[in-house]
Amino acid sequence: MNIVPIAFAFDNNLVMPACVCISSLMMNAKEDTFYDIFILHSASENLDKSNLDKIPQYYKNCRIQYRTVGDEFDNAFEIRGITTPAYYRLLIPELIPEYDKILYSDVDVIFRSDLLHFYNIDLTGFYFAGVDVGLSLRPDIYNYAKTVIKIDVTKGYYYSGNLLINSKKMIQDKILDKFKQLGKNKYKFQDLDILNIVCNGYVKALTPEFCLTNYFYELCLTEKYKVETLYSRNVIEKILKKGILHYNGAKPWNAICYNQDIWWEYYRKSIFNDESFVYQYYNNCVNAIEHWSFVKRVKHIFRYFLK
């Protein structure tokens, strides 16, 4: 049996998406893969575990453990609706000391393959592995990274939603002390900025198969020639077919977005499927569209044909 440890961090507002996310993980697990799942949550919140605890009862090749987080980031900067649990990934080496290496994932995610091949990646000399934002395709982010947080942009700028963490090296080099110190600052992209500032130059780059964001998916559809400056066509096809879907913009359970059909497919296949919730979502979408102004309708039609 291959043990793959993976951590998530969220509060009661995201329990339902977390259940769907973890269900997708288990639906794609190979027979010889056992997921040791850790859920990080605030010690001051009574996390609703009733549905989460149903997962290991249904899927026998996993277990769920809970780790409470103290007040280290209680006063950390919050922006764009991203709350304190976003910072908890920075404490994983400390909170989960039994593993020298561990995966982390946000819960606005759908897994479409087993993760053992990612977990087996060699991290010697690196603090973590992740997916580069692609600064050559994002001049706005490039300027931010270079002039505001002032990192060496030639070394990349990486998403924090899906990580493979070298806990052993972070502990040895006392990296968590630096994370905690920077947590007092008001960075626009919060934990993502902290990770990139502290670990700049010590990150192993993975393809977006490890973190297929809404933005990258849209770019593959609308401006594929740009993406092909970074990855071959075969790699792009694999990313689109098997990539870990990270809904880092609009969330499929409450808004229209790319690949929302895939999220809902996993929701309906999960043990948490509630047809009334599905109906309510689509009914809300129809009502919202019916109330669009004429100008907004024209804009969307124009955008559709343009793409």
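In helix α1, the buried residues (buried meaning under 20% relative accessible area with a 1.4 Å probe, protein chains only) are Val 15, Pro 17, Ala 18, Cys 19, Val 20, Cys 21, Ile 22, Ser 23, Ser 24, Leu 25 and Met 26. That makes 11 of its 13 residues. Helices here are DSSP runs of H or I with at least four residues, and strands are runs of E with at least two, numbered from the N terminus. This is a predicted model, in which local features need pLDDT of at least 70, side-chain atom pairs count only at pLDDT 80 or more, and totals for chains, interfaces and linings use all residues. Residues are numbered from 1 along each chain as its sequence is written, and side-chain values use heavy atoms, without hydrogens and water.

The buried residues of α1 pack against β1, β2, α2, β3, β5 and α12, where contact means heavy atoms within 4.5 Å.

Helix α7 (residues 175-182) buries Ile 175, Leu 176, Phe 179 and Leu 182. Seen down the axis of α7, these fall within an arc of 125 degrees, so they line one face of the helix; the arc is that of the directions from the helix axis to the C-beta atoms.

Aromatic rings come next. Rings of Phe, Tyr and Trp (its six-membered ring) pair if their centres lie within 6.5 Å; planes under 30 degrees apart count as stacked, over 60 as edge-to-face and the rest as tilted. The whole structure holds 14 aromatic pairs. In one of them, Phe 216 and Tyr 231 meet edge-to-face, at 6.0 Å centre to centre and 75 degrees between the planes. Both Phe 216 and Tyr 231 are buried.

Definitions and conventions: Buried means under 20% relative accessible area, exposed over 50%, partly exposed in between (1.4 Å probe, protein chains only).
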